[in-house]
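Open the model in your viewer and keep the sequence panel in sight. We will go from stop to stop, selecting as we go.

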Amino acid sequence: MPFELVCLGNPLLDLQVDVDQAYLDKYQLKADDAILVEEKHMPIYDEVLAKPDLVLVAGGAAQNTARGAQYILPQDSVVYFGSVGNDKYAELLREANQKYGLRTEYQVQQDIGTGKCAALITGTHRSLATDLGAANHFKPEHLKKPENWKLVEGATHFYIGGFHLTVSPDAIELLGKHAAENNKPFTLNFSAPFIPQFFKAALDQVLPYVDYVIANESEAASFAESYKLGTTDVEAIAKEVAKLPKVSKAPRTVVFTQGTEPTITVTYKDGEFEVNKYPVRPLAADQIVDTNGAGDAFAAGFVASLVQGKPVADAVDVGQWAASLSIQEVGPSFPFPKQTYPGKQ
């Protein structure tokens, strides 16, 4: 049987550690933000590696989502593409993925190390500082290898992490064209506020192929600012994204999460908008262990549900359930023994 879901993103080893506000201020970092590091940020990695409470987690947003989707779906359902170095960090990523049964088809760089992300935790907030390393060198040619393109052709759904827009929009477009030509649902996660802000051209290149857009409220606000929409209303922004030009005739659905506020979905079809709001599953404060990766977990539940043929309303609920599971664990992970979706509350 073919792997139904193909995911593409930037594989990273997360260096997760608790810090205080003063540490963020030292490097001009913000809570609940994500950046690509500059030279001034490079000392962070040596500093966090020396901390006694350091936790190493297999990360990269789309890889987290791929792992979560495989957690939910039957065995051999998900394959993930990205670029890593030929080093021990890549082996750690492979081991973490094997635990979930996720198949990885990495492009391996011989002279560039695996990318890493410092996940700096302040209470229930996190600031992500990323050095892409080998992840920055993924090429579309890797997808075109006959053995890999066979996996692409066998897939029924595609999921792209927005961070990959900084690496290879051409690779995303390659998958997008295949998806559009073969009526296969194609999902893109904006992933971070800086994507619509600084990679607008890449976003414009791939959005025409996108059937499902996932983002949080800060990414939505960044999109509105970058595209000069003149509004901060989340529903209004979702409508503007939903009606952007599209290659295939399938409707586009925009999904905006808002932390503990209701998740909003807007579907644009035949000139009409369908708007829905879904309250978030309640979780007691003492159950929250780590919110790092909650958005990736939501995306995992959502896209896994699409693969299973579930409607958007059910996909949102599964996404919220997956996020609630993940934030009760350390890092972007899920509990074992494996839990199954209990149905709507």
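Select Leu325 and show what surrounds it. Beyond its neighbours within four places in sequence, Leu325 is in contact with Tyr71, Phe334, Pro335 and Gln339. Keep in mind that this is a predicted model.

Is Leu325 buried or exposed? Its relative accessibility is 6%. Buried means under 20%, so Leu325 counts as buried.

Now widen the selection to residues 312-326. This is helix H13, and Leu325 lies in it. Add Ala297, which is 28 residues from Leu325 along the chain. The C-alpha atoms of Leu325 and Ala297 are separated by 8.3 Å.

Next, the sheet. Which order do its strands take? Trace E3-E8-E7-E2-E4: these 5 strands form an open sheet with mixed pairing. Colour E3 (33-36) and E4 (55-59), which stand at the edges. Each has a single partner strand, so one side of each is left without a neighbour in the sheet. Look along the sheet for the twist, which averages 20° from one strand to the next.

Stay with E4 and add E2, residues 12-18. The two strands run antiparallel, and 5 bridges join them. For one position to click on, pick Leu12: opposite it stands Gly59 in E4.

Last stop: select residues 61-72, helix H3. What does H3 touch in the sheet? Helix H3 packs on the sheet and touches E2 and E4. Compare directions here: that of H3 makes about 80° with that of E4.

Technical notes. Residues numbered from 1 in each chain as written. Predicted model: local features only at pLDDT ≥ 70, side-chain atom pairs only at ≥ 80, totals over all residues. Heavy atoms only, no water. Pairing = 2+ DSSP bridges. Helix = DSSP H or I, 4+ residues; strand = E, 2+ residues; numbered from the N terminus. Axes fitted to C-alpha atoms, helices over the stretch in contact; angles between N-to-C directions. Contact = heavy atoms within 4.5 Å. Buried < 20%, exposed > 50% of the residue type's maximum accessible area, 1.4 Å probe, protein only.
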